[in-house]
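Q: Hi! Could you walk me through this structure? I'm new to this, so plain words please.
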Amino acid sequence: MPVYAEKNKVNGLTRWYVRTYIEDEFGISKQITKHNKLWLGREGKIKAQQEEIRIRNEFDVNQSKKRKIKIYELKEQYLNFIKGKVDDDTYHNKEVMLSHFCCIDETNQVHTSPNSLVTAWNVILFTNWQKEMKKKKYLKSKDNWVNYSIEHLNRIYGEICNMIDYAITEGYCTINFARQAGKIGTPKEIKLSEQRRDYNVINLNEFLRLMNASKDNLRYNTYFELSFKRGPRPGEARAFRVKDFNYSKQQLMVNHTLSKYDELKDPKTPSSKAVIDLDYELAEKINDLINELRKKEGFNENWFIFGGEKPISSNSLNKAKEKYFKLANIEQYLRLHDFRHSCATWLFSIGIPIQVISKILRHKDIDETLKTYTHLLKEDYEKGINKINLYFEEIFKQDQKQDQNALWQTKTLDLQGITS
């Protein structure tokens, strides 16, 4: 009988408590003991027995959950749990990341088991999945198949860990096999991926060629110039509205960014919500764009500078980028966001102080700028190496001259000694 009487009575009434034993999914026996000051006398015993039945029933339900929950079901429940707690873009990113583990891999490069039970997974199985993911390739552009970066793989890993933590909280399992397996990659690979990211950028000469190639289209020409000179994020640039532009002060105010679903939302960070100072030429171009919009029926201050009544799509910008890159003879593959990296790299290469670059990019601190954006252009690197080599060549030549002079002085002294 799992209901027991306390040794000491209360006002002459027996106090009861519950002690029962259960077995977890691994067959390990666990003891559960519960006390209550109100479980006194005959009625107290009945209440204690009812509580014992409730504990057993609750355990049986949890065990049932553990037996029945599958990987794909867990994914759906977890996504439903976080929905409303994150914005649409973040939700979509998490959904895509979890799909790598919780859905069938259509490329057949990785073995996934969405219909397997969560409790069927262990460290060894998950480690094998990690090894396959490390080898997996995706189509980056045209016929260019590349591996996922260690950094991205570990973002996927982190989201899986969060999902399994949720499963443990809900009683579906007791061990986070993902966390036990650890991150993807060797310690050195993980450290390097956290320290540095490489981006494709265009240099000043390529930018000038792009300006010349796109001069026939004011909208795209202005977008490229703003992106290279001031580095707004693509979502921020697409979200600029007429009312965000101050012609007299030559400024643009970053008030919003656009989600992947073209919905206005707050910028990435609080520090991102700031003024962008423009030069005269760029301010004139933006003003000309707005004047073109004013001629259209239904115009108002809420219209988008690079679009109109609706924001310009990322697809349109990418097509324009490809068209004018080809005309400008720029072979470099560039994402829209890489204009921001190009801006930072160009500013760094011409000697702009890092504090100023950080403010232009609207970072919360200088460390973020240093960590992410200070990538030297290839020609800057080569110039630096050549400068170092020339420096040491000059020193070597001077040393050789000094050694030669010393040698001649020695020979002169020897000759003087012989003749004397």
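Q: Let's start with Lys131: is it buried or exposed?
A: Happy to help! This is a predicted model. Lys131 has a relative accessible area of 51%, and the cut-off for exposed is over 50%, so Lys131 counts as exposed.

Q: Cool. Which helix is Lys131 in?
A: Lys131 is part of helix α4, which covers residues 123-135.

Q: And how far apart are the C-alpha atoms of Lys131 and Gly185?
A: Those two C-alpha atoms are 8.6 Å apart, while 54 residues separate Lys131 and Gly185 along the chain.

Q: Switching topic: which residues are buried in helix α8?
A: In α8, which runs over residues 204-213, the buried ones are Glu206, Phe207, Leu210, Met211 and Ala213. Looking down the axis of α8, they fall within an arc of 165 degrees, so they line one face of the helix.

Q: What do the buried residues of α8 pack against?
A: They pack against four helices: α9 (218-230), α11 (280-294), α12 (314-327) and α13 (338-349).

Q: Anything to see at the start of α8?
A: Look at Asn203 there: one of its side-chain oxygens comes to within 3.2 Å of the backbone nitrogen of Asn205.

Q: OK, strands now. In what order do β6, β7 and β10 sit in their sheet?
A: The order is β6-β7-β10, in an open sheet with antiparallel pairing. β6 (245-246) and β10 (275-277) are at the edges with a single partner strand each, so one side of each has no neighbour in the sheet.

Q: How many bridges link β7 and β10?
A: Three, with β7 spanning residues 251-253. Leu252 sits opposite Ile276 of β10.

Note on methods:
Residues numbered from 1 in each chain as written. Predicted model: local features only at pLDDT ≥ 70, side-chain atom pairs only at ≥ 80, totals over all residues. Heavy atoms only, no water. Pairing = 2+ DSSP bridges. Helix = DSSP H or I, 4+ residues; strand = E, 2+ residues; numbered from the N terminus. Buried < 20%, exposed > 50% of the residue type's maximum accessible area, 1.4 Å probe, protein only. Arc of directions from axis to C-beta. Contact = heavy atoms within 4.5 Å. Polar contact = N/O pair within 3.5 Å; in protein donor to acceptor, adjacent residues only side chain to side chain.
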